[in-house]
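Trainee: I would like to take a close look at a single part of this structure. Please guide me through that part and its surroundings in one connected account.

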Amino acid sequence: MRQFVSTDATELDIPEQAAQPSQQMIATGIGKVLRRRRKVKRMSLREVATRAEISIGLLSQIERGISSPSLKSLLLISEALEMPVSWLFSGNHNGTDVLPHEPYVVRAAQRRRMDLGIGGMTKEILSPDEIHQIQFMRFVIHPGGKSGDSPARHPTGAKCGLVMSGCLGLEIDGQEHVVNRGDSFAFRASSQYRFWAIGESDCEVYWVTTPALY
């Protein structure tokens with residue numbers, strides 16, 4: 001865990017009633033999960049922001065649903081709050097009764113889903129949690145959505161994917177690629193990579209990573 005600067009007990013929160021409602025706030029709920037976890041841990045915005053190495057303003061905006069966070073920011077905030085990032089994924093039951101858990105099959109109504117809101121992306125986990133060696137996901141990247149401003153990397157494994165619709169921008173070790181509908185890709189997880197939607201349409205990608213990330 002990162003070292004962080006201790007602060008006094010003064011809560012630096014902006015009152016919830018002062019936050020303006022937004023479509024992102026309604027769509028995601030991620031900010032509410034992060035805020036609830038922070039309250040449980042009895043941590044101030046300053047403490048969490050210092051641990052995660054982000055600004056207090058950005059953290060406040062993420063909690064209130066005003067800012068759409070990058071995957072890197074979510075990973076850092078989750079680590080600061082000592083919670084698995086998988087807690088940010090919610091089950092999508094589509095109004096049906098909760099189905100029994102199956103170790104090898106994920107029913108459509110049981111997919112865990114993370115919605116990063118307008119200007120971000122939606123992620124669904126399609127593979128069961130019991131299989132840690134591989135993870136199958138569906139990304140829908142909205143216009144302007146991206147994985148982050150700076151590249152990410154992971155020490156082991158590999159990643160591959162297939163673009164189902166739209167157009168994907170993919171940077172691997174500094175080299176940019178345009179991946180169109182029907183095109184596929186693969187690269188080592190240790191490569192520096194980032195991705196984004198190209199154009200004014202959603203980009204749908206089926207993404208596989210080894211080992212499981214969430």
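In which loop is the place of Glu82?

Mentor: Glu82 has its place in the loop between α5 and β1, the latter being residues 90–91. The model is a predicted one, and its confidence should be stated before the details. The average pLDDT of the chain is 82, and 82% of the residues score at least 70. Residues 1–27, however, have a pLDDT below 50, although this stretch has 46 contacts in the model beyond near neighbours in sequence. A further stretch, residues 92–97, also stays under 50, with 9 contacts beyond four places in sequence.

As general background, the chain holds 5 helices and 10 strands. It has 214 residues, of which 43% count as buried. Its accessible surface comes to about 11,500 Å², and carbon and sulfur atoms account for 52% of that area. If one considers contacts between residues at least 6 apart in sequence, 65% of them join residues at least 24 apart.

Let us turn to Glu82 itself. This residue follows α5 and has a positive phi, near 55 degrees. Glu82 is a residue other than glycine, and the sign of its phi deserves a remark for that reason: most residues other than glycine have a negative phi. With a relative accessible area of 41%, Glu82 is partly exposed; the class lies between the limits of 20% for buried and 50% for exposed.

A residue from another loop touches Glu82. Lys41, found in the loop between α2 and α3, is in contact with both Leu81 and Glu82, when residues up to four places away in sequence are not counted. Lys41 and Leu81 are 40 residues apart in sequence, yet their C-alpha atoms are 7.4 Å apart in space. Lys41 is itself partly exposed, at a relative accessible area of 29%.

The helix that Glu82 follows is α5, residues 71–80, and 7 of its 10 residues are buried, so α5 is largely enclosed by the rest of the structure. The buried residues are Leu71, Ser73, Leu74, Leu76, Ile77, Ser78 and Ala80. Their cover includes the helices α2 (30–40), α3 and α4, together with the strands β2 (112–115) and β3 (121–125).

Lys72 also belongs to helix α5, but it counts as partly exposed, at 44% relative accessibility. Leaving aside neighbours within four places in sequence, Lys72 is in contact with Ser147 and Ser150. Its C-alpha atom is separated by 7.5 Å from that of Ala152, a residue 80 places away along the chain.

Two of the helices that help to cover α5 also pack against each other. Two packed helices are described by the angle between their axes and the distance between the axes. For α3 (residues 45–52) and α4 (residues 56–63), the axes come within 9 Å and cross at roughly 110 degrees. The two helices are therefore roughly perpendicular to each other; angles of 65 to 115 degrees are assigned to that class. On the α3 side the contact involves Leu45, Arg46, Val48 and Ala49, which meet Ile56, Leu59, Ser60 and Glu63 of α4. The residues of this contact divide into 5 nonpolar, 1 polar and 2 charged.

For comparison with Glu82, one may consider Asp173. Its phi is near 50 degrees, again a positive value in a residue other than glycine. Asp173 is found in the loop between β6 (167–172) and β7 (175–180). Asp173 is exposed, with a relative accessible area of 53%, whereas Glu82, at 41%, is partly exposed.

A further backbone feature is found towards the end of the chain, where Thr210 and Pro211 are joined by a cis peptide bond with an omega of about -10 degrees. Most peptide bonds are trans. Pro211 lies in the segment after β10, a strand that covers residues 203–210. Leu213 has its place in that segment after β10 as well, and it is partly exposed, with a relative accessible area of 26%. Residues up to four places away in sequence aside, Leu213 touches Gln135 and His154. Leu213 and Gln135 are 78 residues apart in sequence, with 7.2 Å between their C-alpha atoms.

To return to the part in question, Glu82 follows α5 with a positive phi, is partly exposed and is touched by Lys41.

Note on methods:
Residues are numbered from 1 along each chain as its sequence is written. This is a predicted model: local features need pLDDT of at least 70, side-chain atom pairs count only at pLDDT 80 or more; totals for chains, interfaces and linings use all residues. Side-chain values use heavy atoms; hydrogens and water are left out. pLDDT is the predictor's confidence in each residue, from 0 to 100. Contact means heavy atoms within 4.5 Å. Helices (H or I, at least four residues) and strands (E, at least two) are DSSP runs, numbered from the N terminus. Buried means under 20% relative accessible area, exposed over 50%, partly exposed in between (1.4 Å probe, protein chains only). Accessible areas come from the Shrake-Rupley method with a 1.4 Å probe; for residues, only the protein chains shown count as cover. Axes are lines fitted to C-alpha atoms, for helices over the stretch in contact, and angles run from 0 to 180 degrees between N-to-C directions. Angles under 35 degrees count as roughly parallel, over 145 as roughly antiparallel, 65 to 115 as roughly perpendicular and the rest as oblique. Ala, Val, Leu, Ile, Met, Phe, Trp, Tyr, Cys and Pro count as nonpolar, Asp, Glu, Lys and Arg as charged, and the others, Gly among them, as polar.
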